[in-house]
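Biologist: I'd like to go through the labels on this one and hear what backs each of them up. Shall we start with the charged side chains?

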Amino acid sequence: MKRTLAIAGIAIVALGVVASSALFTVNEAQQALVLQFGEPRRMIQDPGLKVKIPFIQEVRLLDRRVLDLDPPVEQVILADQKRLDVDAFARYRIQDPLRFYQTAGTEAVAETRLNSIVNSSLRRVLGNVTVLAVLSDERARIMTDIKGQVNDEAKRFGIEIVDVRIRRADLPEETSQSIFARMRSEREREASEARAQGQEQSQQIKSRAERERTVIIAEAQRDAQILRGEGDNNALKLIAEATSQDPGFYGFYRSLEAYRKSLNGNDTTMVLSPTGEFFRYFNGTGPQSAGGPSAPAAAPAPAPVPAPVQ
């Protein structure tokens, strides 16, 4: 009885081991490749519980989802001889598990080869375009060309490229510094030109204002001379009329002018005789016109003025 139970237990254990080796599960995110002594026998892409020959066949599970590929940053020379550090990424899926196993074997090997393919395609396509095209609306067409080239080469690995995109495209540090220096020089040149133009306009405005000032002053002086001449003319006419009416009036007028100019309060010292010709209208010796107004009454003779001591 005990021997029978032992044999039954061993049989159950052996059956469990055989069952665990013969049965395997494929979930929705996987696809399986059944190998027999290293040779592929069948592909399984439907999820569920599957059976294989125990101890003879083995199963390689491959991801059927869209996988990410992040190649290293690649420096590319564009058609206009500009250098760009391009950071790209790609998305792919394993479309043919059998070819994938025969050519790549594992996902790590496949990603290494895809990195090289993506970077080579970037250099080929971007080498025929300019930096302005990369930064403009043509970028979508460029990415389509890169994706097509990568897909053509990835098909031999049983891989389908879903998308390729450029995450960043930056100028190298030394190129950026050179561009910044050139931009700074250009802005300084524009600033110098603007200052020169401003100074030129300032000089033109000042010259125009000075010219207008000179013209205004000249016109004012001209008008003043004209008015002064007209005034002198009117004064001479008035004097002539007054002289024609009273001949002694002109002499009296001239004497008053002489008094005004000589006795102007500038501390001028003069030695004159009170009875001289200069003061004739003060001592009553001035002429009188016939029938006209008499000269001013003679003032009393002043005492002799002693000569100033020099």
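Modeller: Sure. This is a predicted model, and in it Asp70, Asp87 and Arg167 are linked in a network of salt bridges.

Biologist: What makes Asp70 and Arg167 a salt bridge?

Modeller: The closest N and O atoms of Asp70 and Arg167 are 3.5 Å apart. The cut-off is within 4 Å, so the pair qualifies. Asp70 sits in the loop between β6 (67-69) and β7 (74-77), while Arg167 belongs to strand β9 (residues 159-170), so the bridge ties together parts that are 97 residues apart in sequence.

Biologist: And why is Arg167 called partly exposed?

Modeller: Its relative accessible area is 41%. Buried would need under 20% and exposed over 50%, so Arg167 falls in between.

Biologist: Which partner does Asp63 have, and at what distance?

Modeller: Asp63 forms a salt bridge with Arg65, with 2.8 Å between the closest N and O atoms.

Biologist: How do you know whether Asp63 is buried or exposed?

Modeller: Asp63 has 14% relative accessibility. The limit for buried is under 20%, so Asp63 counts as buried.

Biologist: What about Arg222 and Asp223: what makes them a salt bridge?

Modeller: Their side chains meet at 3.3 Å, N to O, and because the limit is within 4 Å, they pass. Arg222 is at 47% relative accessibility and Asp223 has a relative accessible area of 37%, so both count as partly exposed. Across the whole structure, the search finds 15 salt bridges.

Biologist: On to the nonpolar surface. Which residues make the patch of about 460 Å²?

Modeller: Phe37, Ile53, Phe55 and Ile56. Phe37 is also in the hairpin of β2 and β3, where it takes a positive phi near 55°.

Biologist: Why can Ile56 be part of a surface patch?

Modeller: Patch residues need over 30% relative accessible area. Ile56 has 36%, so it clears that bar. Ile56 lies in the loop between β4 (48-51) and β5 (57-63).

Biologist: What makes you say that β2 and β3 pair?

Modeller: Pairing takes at least two bridges, and 5 bridges join β2 (residues 30-36) to β3 (residues 39-44), so they pair, running antiparallel. Val34 stands opposite Arg42 in β3.

Biologist: Last one: how do you know that the span of α3 agrees with its number of residues?

Modeller: With 20 residues at 1.5 Å a residue, α3 (residues 107-126) should span 28 Å. Its end C-alpha atoms are 28 Å apart, so the two agree. Buried residues in α3 include Leu114, Ile117 and Val118.

Notes: Residues are numbered from 1 along each chain as its sequence is written. This is a predicted model: local features need pLDDT of at least 70, side-chain atom pairs count only at pLDDT 80 or more; totals for chains, interfaces and linings use all residues. Side-chain values use heavy atoms; hydrogens and water are left out. Helices (H or I, at least four residues) and strands (E, at least two) are DSSP runs, numbered from the N terminus. Patches are made of residues with over 30% relative accessible area and no salt bridge: like charges are joined within 9 Å, nonpolar side chains (Val, Leu, Ile, Met, Phe, Trp, Tyr) within 5 Å. Accessible areas come from the Shrake-Rupley method with a 1.4 Å probe; for residues, only the protein chains shown count as cover. Buried means under 20% relative accessible area, exposed over 50%, partly exposed in between (1.4 Å probe, protein chains only). The expected span of a helix is 1.5 Å times one less than its number of residues.
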